[in-house]
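Colleague: Before we discuss the fold, could you put the chain and its coordinates on the screen?
Modeller: Here they are, and we can then go through them by question and answer.

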Amino acid sequence: MTAPKELSAGDRVSWDTSQGRTTGVVVRLLTSPTDIKGHHVAADPSAPQYLVRSERSGEEAAHHRSALRKLASRR
């Protein structure tokens, strides 16, 4: 199995939540530790995460690349 391709800001993605699959947009790649809504994200260059914004709620969260599935852009 090949490694998933990198994502870029603006890419549309989906991921699993406790309420089911949801969609959003990549905001940016995180390569250093940061806090999002009181949650510590232990991102670093060897284990980056993506900051994504939910299309439904507008909330932001960090996810590893393996948790995200790239979707076709909306036109």
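Colleague: Which residue in β7 does Val-13 stand opposite?
Modeller: This is a predicted model, in which local features need pLDDT of at least 70 and side-chain atom pairs count only at pLDDT 80 or more, whereas totals for chains, interfaces and linings use all residues. Residues are numbered from 1 along each chain as its sequence is written, and side-chain values use heavy atoms, with hydrogens and water left out. Strands are DSSP runs of E of at least two residues, numbered from the N terminus, and β1 and β7 pair in the antiparallel sense over 2 bridges, where two strands count as paired if DSSP finds at least two bridges between them. In that pairing, the residue opposite Val-13 is Lys-70.

Colleague: What is the order of the strands in the open sheet?
Modeller: The sheet has 5 strands with antiparallel pairing, and its edge strands, each pairing on one side only, are β6 and β7. Read across, the order is β6-β5-β2-β1-β7.

Colleague: Which residue in β2 is the bridge partner of Asp-16?
Modeller: Strand β1 (residues 12–17) runs antiparallel to strand β2 (residues 20–30), and 6 bridges join them. The two are linked by a hairpin through 2 residues, and Thr-17 stands opposite Gly-20. For Asp-16, the partner in β2 is Arg-21.

Colleague: Which elements give two or more residues to the largest nonpolar core?
Modeller: A nonpolar core is a set of buried Ala, Val, Leu, Ile, Met, Phe, Trp, Tyr and Cys residues joined through side-chain atoms within 4.5 Å, and buried means under 20% relative accessible area, exposed over 50% and partly exposed in between, with a 1.4 Å probe and protein chains only. The largest has 7 residues: Leu-7, Val-13, Trp-15, Val-26, Tyr-50, Val-52 and Leu-68. Apart from it lies another core of 5 residues, among them Leu-30, Val-41, Ala-43 and Leu-51. The elements that give two or more residues to the largest core are β1 and β5 (49–54).

Colleague: How far from Arg-65 is the nearest side chain of opposite charge?
Modeller: Arg-65 is in the loop between β6 (60–63) and β7 (69–70), and a polar atom of its side chain lies 2.5 Å from the backbone oxygen of Lys-5. The backbone oxygen of Leu-68 likewise lies 2.7 Å from a polar atom of the Arg-65 side chain. Arg-65 is buried yet has no salt bridge, which would be a side-chain nitrogen of Lys or Arg within 4 Å of a carboxyl oxygen of Asp or Glu. With Lys and Arg counted as positive, Asp and Glu as negative, and His and the chain ends not counted, the nearest side chain of opposite charge is that of Glu-6, at 5.9 Å.

Colleague: What is the phi of Lys-37?
Modeller: Lys-37 is found in the loop between β3 (34–36) and β4 (39–41), and counts as exposed because its relative accessibility is 62%. Most residues other than glycine have a negative phi. Lys-37, although it is not a glycine, has a positive phi of about 50°.

Colleague: Is Glu-55, in the loop between β5 and β6, buried or partly exposed?
Modeller: The C-alpha atoms of Glu-55 and Thr-22 are separated by 8.1 Å, although these residues are 33 apart along the chain. A polar contact of 2.7 Å joins the side chains of Glu-55 and Arg-12, a polar contact being a pair of N or O atoms within 3.5 Å where, within protein, one must be able to donate a hydrogen and the other to accept it, and residues adjacent in sequence count only if both atoms are side-chain atoms. The Glu-55 side chain also makes a polar contact with that of Thr-23 (2.7 Å). Because its relative accessible area is 30%, Glu-55 is partly exposed.

Conventions. Helix = DSSP H or I, 4+ residues; strand = E, 2+ residues; numbered from the N terminus.
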